[in-house]
Amino acid sequence: RVLVIEDLISTCGSCLAAVDALRDAGAEVAGVLAIFQYGFEKAAQAFANKQLTFDTLTNYDALIQEAARSGYVSHEDIQTLSRWRENPDGWGALYV
């Protein structure tokens, strides 16, 4: 059994490609552990589709909360950061 270690989970494409390669080579993948994740629904669904568990040391929500607590970002900034996560692919189009 192997555990895949990842630095960042966003859409999880590269991570799942590694999992597929390991499985194709005959490995039993126990799960994925990453340092950070954005918490995109797309990633959670992709892991579920592969019947694969994953966990992270921290995540986008914790990052935003700490940034607010420390005064690094304002309440308005937090709202903007939260909206970005709802639609990161379409975010740039809002500011063209």
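**Salt bridges and a nonpolar core**

Q: How far apart, N to O, are the side chains of arginine 1 and glutamate 28 in their salt bridge?
A: This is a predicted model, where local features need pLDDT of at least 70, side-chain atom pairs count only at pLDDT 80 or more, and totals for chains, interfaces and linings use all residues. Residues are numbered from 1 along each chain as its sequence is written, and side-chain values use heavy atoms, with hydrogens and water left out. A salt bridge here is a side-chain nitrogen of Lys or Arg within 4 Å of a carboxyl oxygen of Asp or Glu. For arginine 1 and glutamate 28, the N to O distance is 3.5 Å.

Q: Which parts of the chain does the pair of arginine 1 and glutamate 28 tie together?
A: Helices (H or I, at least four residues) and strands (E, at least two) are DSSP runs, numbered from the N terminus. Arginine 1 and glutamate 28 sit 27 residues apart in sequence, so their pairing links the segment before β1 with the loop between α1 and β2.

Q: Is arginine 1 buried or exposed?
A: Buried means under 20% relative accessible area, exposed over 50%, and partly exposed in between (1.4 Å probe, protein chains only). With a relative accessible area of 71%, arginine 1 is exposed.

Q: Which helices hold aspartate 61 and arginine 85?
A: The side chains of aspartate 61 and arginine 85 meet in a salt bridge at 2.9 Å, N to O. Their positions are 24 residues apart in sequence, so the pair ties together helix α3 (residues 60–69) and helix α4 (residues 75–86).

Q: Which helix do glutamate 66 and arginine 69 lie in?
A: These two form a salt bridge as well, with the closest N and O atoms of glutamate 66 and arginine 69 being 2.5 Å apart. They're three residues apart, about one turn of the helix, and both lie in α3.

Q: How many salt bridges does a search of the whole structure find?
A: We've met a few of them, including the one between glutamate 66 and arginine 69. Searching the whole structure gives a total of four.

Q: Which residues touch the most other members of the largest nonpolar core?
A: A nonpolar core is a set of buried Ala, Val, Leu, Ile, Met, Phe, Trp, Tyr and Cys residues joined through side-chain atoms within 4.5 Å. The largest one has 13 residues, and those touching the most other members are Ile9, Cys12, Val32, Phe47 and Leu52.

Q: What is phenylalanine 47 in contact with, leaving aside its neighbours within four places in sequence?
A: Contact means heavy atoms within 4.5 Å. Setting those neighbours aside, phenylalanine 47 contacts Ile9, Cys12, Cys15, Leu16, Val32, Leu52 and Phe54.
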